[in-house]
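Reader: Hi! I have a new model open and would like to talk it through with you. Could you put it up on the screen so we can start with the charges?

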Amino acid sequence: MSAQLSIPTAIALTLGAAAAMELVAWASHKYVMHGFGWGWHRDHHEPHDRLLEKNDRFALVGAALSIGLFASGSPLVRGPAAWAPGTWLGLGVLFYGVIYTLVHDGLVHQRWFRWVPRRGYAKRLVQAHKLHHATIGKAGGVSFGFVIARDPAALKRELAAQKAAGIAVVREAVEG
């Protein structure tokens with residue numbers, strides 16, 4: 001039988017799930033998208049003029065996770081077997097998906113709106129992600145997260161070290 005959760009517990013679960021999704025996204029990006037999932041992710045790293053990418057399929061995976069969690073917490077779906085935390089965890093995954101869409105697709109890749117930040121954390125996010133896209137192919141690379149951005153100067157040094165070690169092939173525009 002599903003018990004009701006207190007409001008503070010529901011808020012903590014939602015925020016915790018959203019925060020944990022950055023770790024899930026980092027690991028998925030580094031080990032799945034730049035690993036066995038490269039077939040879906042490749043077009044995200046290559047110039048094109050299409051509205052959608054094969055890479056957008058990963059958003060459907062995230063949506064399925066969120067929907068599955070919502071369903072697990074729903075008395076309408078599961079009846080008395082509903083698991084109350086599922087609703088709030090699903091909401092946290094949904095929140096992360098919205099943040100990801102606005103930050104990654106909107107701000108960084110400007111798929112939904114045009115704004116180039118000139119300072120602050122938004123500029124740091126854009127710079128870090130552009131450095132991620134500085135490599136050709138799936139090998140090497142830096143900054144696999146989406147919302148947490150490391151210092152661009154440190155990322156440039158890491159990218160240079162990967163190039164010198166023969167791990168990453170860096171695009172000419174970044175080298176110059």
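Author: Happy to. The chain carries 19 positive and 11 negative side chains, and the centres of those two sets are 4 Å apart. Keep in mind that this is a predicted model.

Reader: Thanks! Which residues gather in a patch of positive charge on the surface?

Author: That patch brings together Arg 42, Lys 54, Arg 57 and Lys 138.

Reader: Where is Lys 138 found?

Author: Lys 138 sits in the loop that runs between β1 (135-136) and α7 (152-164). Its relative accessible area is 39%, so Lys 138 is partly exposed.

Reader: Staying in that loop, what is phi of Ser 143?

Author: Phi of Ser 143 is near 55°, which is a positive value in a residue other than glycine. Ser 143 also belongs to the loop between β1 and α7.

Reader: Why would I look twice at a positive value?

Author: Because most residues other than glycine have a negative phi.

Reader: Fair enough. Is Ser 143 buried or exposed?

Author: Ser 143 counts as buried because its relative accessibility is 9%, and the cut-off for buried is under 20%.

Reader: Where else should I check phi?

Author: Try Gln 110, where phi is near 50°, again positive in a residue other than glycine. Gln 110 is in the loop between α5 and α6.

Reader: Let me zoom out for a moment. How many helices and strands does the chain have?

Author: Eight helices and two strands. Along the sequence, the pattern reads α-α-α-α-α-α-β-α-β-α.

Reader: And what box do the C-alpha atoms fill?

Author: Roughly 60 × 35 × 30 Å, taken along the principal axes. Of the 176 residues in the chain, 39% are buried.

Reader: I like contact statistics too. What share of the contacts joins residues at least 24 apart?

Author: Taking contacts between residues at least 6 apart in sequence, 52% join residues at least 24 apart.

Reader: Good, now the surface. What does the accessible surface of the chain come to?

Author: About 10,400 Å², and carbon and sulfur atoms account for 68% of that surface.

Reader: Which residues make the nonpolar surface patch?

Author: Leu 51, Leu 52, Leu 94, Phe 95, Val 98, Ile 99, Leu 102, Trp 112, Phe 113 and Trp 115 make a nonpolar surface patch of about 1,000 Å².

Reader: Where is the place of Trp 115?

Author: Trp 115 lies in the loop between α5 (84-108) and α6 (120-132). With 47% relative accessibility, Trp 115 counts as partly exposed.

Reader: Leu 94 in that patch caught my eye. Which residues is Ser 66 in contact with, leaving aside its neighbours within four places in sequence?

Author: Ser 66 contacts Gly 90, Val 93 and Leu 94. Ser 66 itself is in helix α3 (residues 57-72).

Reader: Is Ser 66 buried or exposed?

Author: Ser 66 is buried, since its relative accessible area is 6%.

Reader: One last stop for me, Arg 119. Is Arg 119 buried or exposed?

Author: Arg 119 counts as exposed, at 71% relative accessibility. You will find Arg 119 in the loop between α5 and α6.

Reader: How many Å apart are Arg 119 and Ala 17 in space?

Author: From C-alpha to C-alpha, Arg 119 and Ala 17 are 29 Å apart, and 102 residues separate them in sequence.

Note on methods: Residues numbered from 1 in each chain as written. Predicted model: local features only at pLDDT ≥ 70, side-chain atom pairs only at ≥ 80, totals over all residues. Heavy atoms only, no water. Patch = residues over 30% accessible without salt bridge, like charges linked within 9 Å, V, L, I, M, F, W, Y side chains within 5 Å. Areas by Shrake-Rupley, 256 points an atom, 1.4 Å probe, with all protein chains shown as cover. Salt bridge = Lys/Arg side-chain N within 4 Å of Asp/Glu carboxyl O. Lys, Arg positive; Asp, Glu negative; His and termini not counted. Charge placed at Lys NZ, Arg CZ, Asp CG, Glu CD. Helix = DSSP H or I, 4+ residues; strand = E, 2+ residues; numbered from the N terminus. Buried < 20%, exposed > 50% of the residue type's maximum accessible area, 1.4 Å probe, protein only. Contact = heavy atoms within 4.5 Å.
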